[in-house]
Amino acid sequence: QVVLEDTILFPEGGGQPDDRGLIGDVPVLRVTRRGPEAVHFVPAALEPGAEVLLSLDWERRFDHMQQHSGQHLISAIAEQMFGFKTTSWELGRQRSVVELDTPLVTAEQVEALEKSVNEKIRDRVPVTVRELAADDPEVETVRSRGLPDDHVGPVRVVDIKGIDSNLCCGTHVSNLSDLQVIKLLGVEKGKKNKTNLVFLVGNRVLKSIEQSHSTEKALTSLLKNGPGEHVEAVKRLQSSVKLLQKNNLNLLRDIAVLIARDFKSKPAPKQLFVLHRKEGDSEFMNIIANEIGTEETLLFLTVGDEKEAGLFLLAGPVEAVENLGPRVAELLGGKGAGKRGRFQGKAAKMSRRGEVQALLQEFISHQNPGA
């Protein structure tokens, strides 16, 4: 934890994340505020009293400046146009959110707000920072959510000329034109009758468009049609998949019944029935168990990848299943539960099915020594 005589690295505060950079060639992992001091977290010790050169991760800083100044502008215009006060905000890694003190923001209001803030950007409105004494009466006239309890010294006021004055410790652009553009992505339900307004500013808008365009190109290639037809193409695919899944399920049910009938048709049914099928599911296993019956036969059924994870079912006489179920689950590296002669669950080690079969064979041999 390093404290410098002065620093260009911003500690987290005001809803804005901290800066990154270098002290000499030592990376700064985090910067926090402790009273009036900025504390720099570094992975290696530094010599006390040494003179050092600071380097700033400008791309990260400028991104935070764009989002933070954008938030001030959005909050100010939202309050002027609709009376929506900002109660908090979050500068996220990919998107940012303003929490508005209203239960509802309509699509028309979002559209009007987006149009207005971008007009202010095109007007190239200056953004300035000034300091006031904490007891200056003017402090009471600027927008604020209050000062931290441990604040000392003067307070910073960020002014967007003719639009907003706001108490803020964060870093900001010097002109709204530096924001480039603001895109409001829509609203989400917030907490306690509040609404979260999601937004992107500046370079994040460009990155989002680039990502969306790459996705659009990939979908065009996969779906073999233009972007305007992507949604309908995906809907058709979803319908086809649902139909195939339904047909597959019906076929699995028919196969389960045939497997059970084949086993029962043999002249001398065995006391142990073992089956593995990669494509099956829990219903597939239970149909077989129902069709064969578990009063006299012990069934060990598994579905899924033969060498990785899957599902298992042990069914048979109640006493035998209660005794063997937990041991089967343990051998398969899984967990399960059961009642009334059935024990089923997930298996992490399907490759050990042979060991389970040997255990069941041994159990039956002990039950029937003369068999």
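Buried means under 20% relative accessible area, exposed means over 50%, and partly exposed lies in between (1.4 Å probe, protein chains only).

This is a predicted model, where local features need pLDDT of at least 70, side-chain atom pairs count only at pLDDT 80 or more, and totals for chains, interfaces and linings use all residues. Residues are numbered from 1 along each chain as its sequence is written, and side-chain values use heavy atoms, with hydrogens and water left out.

**Exercise 1.** Place valine 241 and classify its exposure.

Solution. Start with the element: valine 241 sits in helix 4 (residues 230-265). Helices (H or I, at least four residues) and strands (E, at least two) are DSSP runs, numbered from the N terminus. Next, take the relative accessible area, which is 41%. Valine 241 is therefore partly exposed.

**Exercise 2.** Find the strand order of the open sheet and its edge strands.

Solution. Two strands pair if DSSP finds at least two bridges between them. The four strands run in the order 7-8-13-12, with antiparallel pairing. Strand 7 (86-91) and strand 12 (182-189) are the edges, as each pairs on one side only. From one strand to the next, the twist averages 20°.

**Exercise 3.** Describe how strand 8 joins strand 13, then find what helix 3 touches.

Solution. Strand 8 (residues 96-100) and strand 13 (residues 195-201) run antiparallel, joined by five bridges. Serine 96 stands opposite phenylalanine 199 in strand 13. Helix 3 (residues 203-223) packs on the sheet and touches strand 7, strand 8, strand 12 and strand 13. Contact means heavy atoms within 4.5 Å.

Key. Axes are lines fitted to C-alpha atoms, for helices over the stretch in contact, and angles run from 0 to 180 degrees between N-to-C directions.
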